[in-house]
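Here is a short tour of a model, written to be read with the structure open beside you. Feel free to pause at each heading and look around.

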Amino acid sequence: MARRLRFNGTDSKNGGCPAVHEDLDSGEIIVQGVPITDPADLAQLQHFGPDDAAVAVPWELLVNHGPKEMYRVPKIIDLEEFGRLFETFEHSAWHLETRRGYASDREDLGFDEFLATGQAPCDLDSDWCQNIRRQTAAGKYVGRVRVVDNPPTDGQRFLLSYARCNAATGEDARNVWREDAERAHLPAEDFWVFDSRLVAILRFDDQDVFHDVEVITEPAEVLRYCQVRDAAVHASLPYDVFAAQLKG
């Protein structure tokens, strides 16, 4: 089985080598660089085995994108504090959704209505919609990109139908096929970026149940998620254009 690698960053000005990746399961760090092949150089390396490989990278690459702590202690916030982020952000809030389904959607009465009619209900008077309408009316940007499988799951079709409600609140609601998301190197994570300074990672269990929220404010890490945001928006389509592809 292939590793689940996360791109941590590069100092290359054209997006190429060198780079640092992280194995999300083992925690191993993969450094991509220029191979060392000169026998005289290899002879100087201590503990270098016959199956080992050596690469050369700039010092700055490891300083900027290598792990800063042996074990990073996650900062977890409760749902009340997470909810306040949507009321207090200053200029932008953006969401990447990558799961094939969410338990909260399946438990919603509107999900049964969608399965019966093909149309997800839209309540613009809900607390969520009223708040997002206030934020976008104040000139703030709210957006999301949803990753969709081919063919879409019921949960993804439900959210694609509900996207008209997202758009009605002023959100920039977009979708991208999973194969295009993988081509754009989007991570398999659900997260929000607030004001390009704070990342809230949404954590779920194996049954798609929302578990808790991890907050990241370390600048280099936040920058990486902002780069993911930009790549996701570039690779995606507005929800209505995307939906037209399904009908076609």
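The report below goes from the whole chain to its helices, its aromatic rings and a few backbone details.

## The chain as a whole

Please keep in mind that this is a predicted model. The chain holds 10 helices and 13 strands. Along the principal axes, its C-alpha atoms fill a box of roughly 70 × 40 × 35 Å.

Of the 248 residues in the chain, 41% are buried. The contacts reach far along the sequence too: taking those between residues at least 6 apart, 68% join residues at least 24 apart.

## Helix α5 and its buried side

A good place to zoom in is helix α5, which spans residues 109-117. Gly110, Phe111 and Phe114 are the buried residues of α5. Around the helix axis they cover an arc of only 105 degrees, which puts them on the same side of α5. Turn to the other side of α5 and you will find Leu109 and Ala116, both exposed.

What covers the buried residues of α5? The cover includes α4 (103-106) as well as α7.

## Where α5 meets α7

Helix α7 runs over residues 154-168, and its axis lies 10 Å from that of α5. The two helices pack at an angle of about 95 degrees. With angles of 65 to 115 degrees counted as roughly perpendicular, α5 and α7 are therefore roughly perpendicular to each other.

From α5, the residues in this contact are Gly110, Phe111, Phe114 and Leu115. Their partners in α7 are Asp154, Gly155, Arg157, Phe158 and Ser161. By type, the residues of the contact of α5 with α7 divide into 4 nonpolar, 3 polar and 2 charged.

## Helix α10 and its neighbours

Helix α10 covers residues 239-247, and Tyr239, Phe242 and Ala243 are buried there. Looking down the axis of α10, you would see the buried residues fall within an arc of 100 degrees, so they line one face of the helix.

Which elements do the buried residues of α10 pack against? They are β8 (141-148), α7, β9 (172-177) and β13 (237-238). Helix α7 is thus a name to remember: it packs with α5, and the buried residues of α10 pack against α7 as well.

## Aromatic pairs

A search of the whole structure turns up 16 aromatic pairs. One of them joins phenylalanine 111 and phenylalanine 158: the ring centres are 5.3 Å apart and the planes stand at 65 degrees, so the pair is edge-to-face. Since phenylalanine 111 belongs to helix α5 and phenylalanine 158 to helix α7, the pair ties together parts that are 47 residues apart in sequence. Phenylalanine 111 is buried, with a relative accessible area of 7%. Phenylalanine 158 is buried too, with a relative accessible area of 6%.

Next, look at tryptophan 177 and phenylalanine 242, whose ring centres are 4.6 Å apart with planes at 45 degrees, so this pair is tilted. Distant parts of the chain are linked here, with tryptophan 177 in strand β9 and phenylalanine 242 in helix α10, 65 residues apart. Tryptophan 177 and phenylalanine 242 are both buried. Elsewhere, ring pairs link Phe82, Phe86, Phe89, Tyr102, Trp128, Trp192, Phe194, Phe204 and Phe210 into a cluster.

## Backbone details in the loops

Most peptide bonds are trans, and most residues other than glycine have a negative phi. Against that background, a few spots deserve a look. Asparagine 150 and proline 151 are joined by a cis peptide bond, with omega at about 5 degrees. Proline 151 sits in the loop between β8 and α7.

Histidine 185 is not a glycine, yet it has a positive phi of about 60 degrees. Its place is the loop between α8 (178-183) and β10 (190-194). Aspartate 208 also has a positive phi, near 70 degrees, and lies in the loop between β11 (198-204) and β12 (210-216). Are these residues buried or exposed? Histidine 185 is exposed, with a relative accessible area of 65%, whereas aspartate 208 is buried, with a relative accessible area of 17%.

How values were computed
Residues numbered from 1 in each chain as written. Predicted model: local features only at pLDDT ≥ 70, side-chain atom pairs only at ≥ 80, totals over all residues. Heavy atoms only, no water. Axes fitted to C-alpha atoms, helices over the stretch in contact; angles between N-to-C directions. Helix = DSSP H or I, 4+ residues; strand = E, 2+ residues; numbered from the N terminus. Parallel < 35°, antiparallel > 145°, perpendicular 65-115°, else oblique. Contact = heavy atoms within 4.5 Å. Nonpolar A, V, L, I, M, F, W, Y, C, P; charged D, E, K, R; others polar. Buried < 20%, exposed > 50% of the residue type's maximum accessible area, 1.4 Å probe, protein only. Arc of directions from axis to C-beta. Phe/Tyr/Trp six-rings, centres within 6.5 Å; stacked < 30°, edge-to-face > 60°.
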